[in-house]
Amino acid sequence: MSSVLTVNGITKFYGRIRALNGVSFEVPQGSVFGILGPNGSGKTTLLSIILDVLKANNGNFLWFGHPGSPEQRKKIGSLLETPNFYHYLSAVDNLKITQSISGRGNEQDINEVLQKVNLYERRKSRFKTYSLGMKQRLAIAAALLGDPKVLVLDEPTNGLDPIGIAEIRELIVELKNSGHTIIMASHLLDEVEKVCTHVAILKTGDVITTGDVNEVLQDEDVVEVSATDLNALANALQQFSNCVSINNVSNTVSFTLPKGTAKLDEINSFCFNKGIVLNHLLLKKKRLEARFFELTNN
Ligand code: ATP
């Protein structure tokens, strides 16, 4: 699969604040790529850089394998901030204004983008009569003018009610299915799991991990065991996992294994053969939220 965007070692300072620290990742063509991170992790800064709104202090990025050119840029639609639509004008008239200011596409595109975002039936209604979800869909319609192959969206469901959120998520999946690549920032793990195929997790300017959502956010088996000598137990268990930790409060040792691979009877007899008698053996499924929390809080 070829890359739509390659980000190489992007670093950005605001004065003494380092907002991005050598960020690198690849966005595969046809993916919905989530940039996931808590507030202040650098998502908006990163999107602003790849859209040439801000300049990086270091690093570079390639769209479709090339440094930016006006031709390449035409293939990218973006929604960093909600555009200012006129409340008393219809969707069609608002998009005519957006189209003439941006020079993207032509008037015939307007009906097409309104159909794509499911607002065609309401195209003649005034903007002020729209729900928040419809307003956001109109903003995405504006980004779709000129038929860009890639859409960059900053927190597209922020501030919406549950129905609006569901509408936008559905729209993103529809856009993906019709051949677009979507790059979106989100602080919601749940959203990334539901909508994205790929993810880069950002924490205070660092990419902690990136890749296929199913691999990065995969569930894990966590085994909790205990015995009289916790250190000996932890040492023995290094054979099973390279992620063994002692909890001195609960007097237990925990270790993680790939989902579905923990075999408790094998672990029990392994320890017994090493001369360690277990007095506690428990299998827990680590939830995805726990993994995200762990990734972003350590
Ligand atoms: P949020 O979800 O809250 O918008 P974010 O993940 O998009 O967060 P950024 O807005 O990119 O993060 O901010 C990253 C860091 O850079 C934060 O520490 C922020 O305070 C800082 N920052 C962002 N913009 C500026 C600016 N114009 N001047 C100084 N510092 C800034």
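**Exercise 1. The loop of Asn-118**

Determine in which loop Asn-118 is found, and state what sign phi of Asn-118 has.

*Solution.* Asn-118 belongs to the loop that runs between H4 and H5, where helices (H or I, at least four residues) and strands (E, at least two) are DSSP runs numbered from the N terminus. The structure is a predicted model, in which local features need pLDDT of at least 70 and side-chain atom pairs count only at pLDDT 80 or more, while totals for chains, interfaces and linings use all residues. Residues are numbered from 1 along each chain as its sequence is written, and side-chain values use heavy atoms, with hydrogens and water left out. Phi of Asn-118 is near 60°, which is a positive value in a residue other than glycine.

Ser-125 is likewise placed in the loop between helix H4 (107-116) and H5. The side chain of Ser-125 forms a polar contact of 2.8 Å with the side chain of Arg-122; such a contact is a pair of N or O atoms within 3.5 Å, and within protein one must be able to donate a hydrogen and the other to accept it, with residues adjacent in sequence counting only if both atoms are side-chain atoms. When neighbours within four places in sequence are left aside, Ser-125 is in contact (heavy atoms within 4.5 Å) with Leu-89, Ser-90, Ala-91 and Tyr-130.

**Exercise 2. The surroundings of the ligand**

Identify the residues around the ligand, and say which helix contributes the largest share of the shell.

*Solution.* Taking as near any residue with a heavy atom within 4 Å, one finds Tyr-14, Ala-19, Pro-38, Asn-39, Gly-40, Ser-41, Gly-42, Lys-43, Thr-44, Thr-45 and Glu-155 around the ligand. By class, this shell has three nonpolar, six polar and two charged residues; here Ala, Val, Leu, Ile, Met, Phe, Trp, Tyr, Cys and Pro count as nonpolar, Asp, Glu, Lys and Arg as charged, and the others, Gly among them, as polar. Helix H1 (residues 43-50) supplies the largest share of the shell, namely three residues.

The next step is to look at the oxygen atoms of the ligand. One of them lies 3.0 Å from a backbone N or O atom of Gly-42, a polar side-chain atom of Lys-43 is 2.9 Å from a ligand oxygen, and for a polar side-chain atom of Thr-44 the distance to a ligand oxygen is 2.7 Å. Of the 630 Å² of accessible area that the ligand has on its own, the protein covers 58%; areas follow the Shrake-Rupley method with a 1.4 Å probe, and for residues only the protein chains shown count as cover.

**Exercise 3. Helix H1 and the residue after it**

Explain why H1 is largely enclosed by the rest of the structure, and decide whether Asp-52 is buried, exposed or partly exposed.

*Solution.* Seven of the eight residues of H1 are buried, and therefore this helix is largely enclosed by the rest of the structure; buried means under 20% relative accessible area, exposed over 50%, and partly exposed in between (1.4 Å probe, protein chains only). The buried residues are Lys-43, Thr-45, Leu-46, Leu-47, Ser-48, Ile-49 and Ile-50. Just after H1, Asp-52 takes a positive phi of about 65°, and Asp-52 sits in the loop that leads from H1 to strand S4 (58-63). With a relative accessible area of 47%, Asp-52 is partly exposed.

**Exercise 4. The nonpolar cores**

Find how many residues the largest nonpolar core has, and with which residues Ile-140 is in contact, leaving aside its neighbours within four places in sequence.

*Solution.* A nonpolar core is a set of buried Ala, Val, Leu, Ile, Met, Phe, Trp, Tyr and Cys residues joined through side-chain atoms within 4.5 Å. The largest has 42 residues, and those with the most contacts inside it are Leu-95, Leu-114, Leu-138, Ile-140, Ile-172, Ile-182 and Met-184. Helix H5 (residues 132-143) gives the largest share of this core, seven residues. Beyond its neighbours within four places in sequence, Ile-140 is in contact with Leu-79, Val-117, Leu-151, Leu-153, Ile-168, Leu-171 and Leu-175. Another core, of 24 residues, lies apart from the largest one, and includes Leu-51, Trp-63, Val-152 and Ile-183.

**Exercise 5. Ser-186**

State in which strand Ser-186 is found, and which backbone nitrogen lies 3.0 Å from a polar atom of its side chain.

*Solution.* Ser-186 is part of strand S7 (residues 181-186), and at 0% relative accessibility Ser-186 counts as buried. The backbone nitrogen in question is that of Leu-188. Not counting residues up to four places away in sequence, Ser-186 touches Ile-35, Leu-36, Gly-37, Lys-43, Glu-155, Glu-191 and Val-192.
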